[in-house]
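Work through the exercises below with the sequence and the structure at hand. Each task is followed by a solution in steps.

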Amino acid sequence: MDPVKAIGFDLFNTLIMAEPGALDEAMTRLVEGLAKNGLLPEIGLFKKAYRDAAIRFIRQASQDGRETHNRFWISAALQNMGYRVLPEDPRISSAVEVYFSAFLDFCQPVPGTHEMLETLRASYRLGLLSNFTHAPAAVKLIEHLGLSGFFEVVLISGQIGFRKPHPRVFRELLDAFGLDGTELLYVGDDPEADIAGARSAGIRPVWFTYARDRGSPLPPGATSDSSKIPPADIPMISNWVELLALLQRLEV
């Protein structure tokens, strides 16, 4: 088997984790942002309508692989409540930015992440591939947490227009590195989006269980069945020390 030349990482529940109150705070900021722009839906009804719309759009995205966006969910929720507001309305765009501001305050790197990346970049090319609907917020979050400087390649589903496990996003990663799949490891927590997606694209996946082991909630926009377990031949690690040990074994 070819030696590993590059390592790709998922973002949420792999490199970083959201604190328990992140989604509630984001929703509170979203409602406040709409209110400041003159849109005043009843909070309880709006939250339910937004949640139902998000589930519907994300399920569709999971079926056809095309990424969705929060502006569609907000517009659908408001229209369900009698407002005539299109997804492109600047009031919705403003509220989206306010919504994602919560993650800057409620996300932290998994312990040891900076040290692990610093060690690996001396020997490997590093990349990041994340399912994230609003790409500017993802880029801002990565920079805010001091991670952007480690990566030669940063790919966000909201930029690509497709989301994992669609093979197109993994091909984008391979093309960006100019490597064959056997030369690339991809580390992620999601058995379907990360592990099955990478494997079907010919990339060597590594299942990272740190968040799963702690019962952490699925990240925003996730739809995979968290009870799924990858095949037994997929390497499994629960911390970054185990990743370094795995790489040492692969080099032998």
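**Exercise 1. The sheet**

Find how many bridges join strand β6 to β7, and whether the two run parallel or antiparallel.

Solution. Take residues 184-188 for β6 in this predicted model. Four bridges join β6 to β7, and the two strands run parallel. One pair can be checked by name: L185 has R204 in β7 as its bridge partner.

Next, place this pair in its sheet. The sheet is open, has six strands with parallel pairing, and follows the order β5-β4-β1-β6-β7-β8. Its edge strands are β5 (153-156) and β8 (236-237), each of which pairs on one side only.

Now go to the β5 edge. Strand β4 (residues 125-130) runs parallel to β5 and is joined to it by four bridges. Among the residues involved, L129 has L155 as its bridge partner in β5.

**Exercise 2. The cover of β7**

Determine how many of the residues of β7 (residues 204-208) are buried, and which lie on each side.

Solution. Count first: five of the five residues of β7 are buried. Then sort them by face. R204, V206 and F208 lie on one side, while P205 and W207 lie on the other. Buried residues are found on both sides, so both faces of β7 are covered.

**Exercise 3. Helix α4**

Compare the expected span of α4 with the distance between its end C-alpha atoms.

Solution. Helix α4 has 17 residues. The expected span uses 1.5 Å times one less than the number of residues, so α4 should span 24 Å. The end C-alpha atoms are 26 Å apart, which agrees.

Then ask which residues of α4 are buried. They are I92, A95, V96, Y99, F100, A102 and F103. These residues cover an arc of only 125° around the axis, so they sit on the same side of α4. Their packing partners are α1 (22-36), α2 (43-64), α3 (70-80), β3 (107-109) and α6 (135-144).

Last, look at the N-terminal end of α4. The cap there is D89, with a side-chain oxygen 2.8 Å from the backbone nitrogen of R91.

**Exercise 4. The nonpolar cores**

State how many residues the largest nonpolar core has, and which of them have the most contacts inside it.

Solution. The largest nonpolar core has 64 residues. Those with the most contacts inside this core are I7, F9, F46 and W240. Helix α4 (residues 90-106) gives the most to the core, with seven residues.

Take I7 as an example. Leaving out residues up to four places away in sequence, I7 touches L120, Y124, R125, L126, G127, L184, L185, V187 and L247. There is also a second, separate core of 16 residues, which includes V153, L155, F177 and L179. As background, nonpolar side chains in soluble globular proteins tend to be buried together.

**Exercise 5. S75 and Y83**

Classify S75 as buried or exposed, and do likewise for Y83.

Solution. The cut-off for buried is under 20% relative accessible area. S75, in helix α3, has 2% and is therefore buried. Beyond four places in sequence, S75 touches V85, L86, P87 and I92.

Y83 belongs to the loop between α3 and α4. Its relative accessible area is 25%, so Y83 is partly exposed. With neighbours within four places in sequence set aside, Y83 is in contact with L39, L40, P41 and L78.

**Exercise 6. Helix α9 and backbone details**

Identify the buried residues of α9 (residues 191-200) and the residue that caps its N-terminal end.

Solution. The buried residues are P191, A193, D194, I195, G197 and A198. Their cover includes α8 (167-177), β6 and β7. The N-terminal cap is D190, with a side-chain oxygen 2.8 Å from the backbone nitrogen of E192. Just after α9, G202 has a positive phi of about 85°.

Two further backbone details complete the exercise. K164 and P165 are joined by a cis peptide bond, with omega about 10°, and P165 lies in the loop between α7 (157-160) and α8. N13 is not a glycine, yet its phi is positive, about 60°. This residue is in the loop between β1 (6-9) and β2 (16-18), and N13 counts as buried at 5% relative accessibility.

Methods:
Residues numbered from 1 in each chain as written. Predicted model: local features only at pLDDT ≥ 70, side-chain atom pairs only at ≥ 80, totals over all residues. Heavy atoms only, no water. Core = buried A, V, L, I, M, F, W, Y, C linked by side-chain atoms within 4.5 Å. Buried < 20%, exposed > 50% of the residue type's maximum accessible area, 1.4 Å probe, protein only. Contact = heavy atoms within 4.5 Å. Arc of directions from axis to C-beta. Polar contact = N/O pair within 3.5 Å; in protein donor to acceptor, adjacent residues only side chain to side chain. Pairing = 2+ DSSP bridges.
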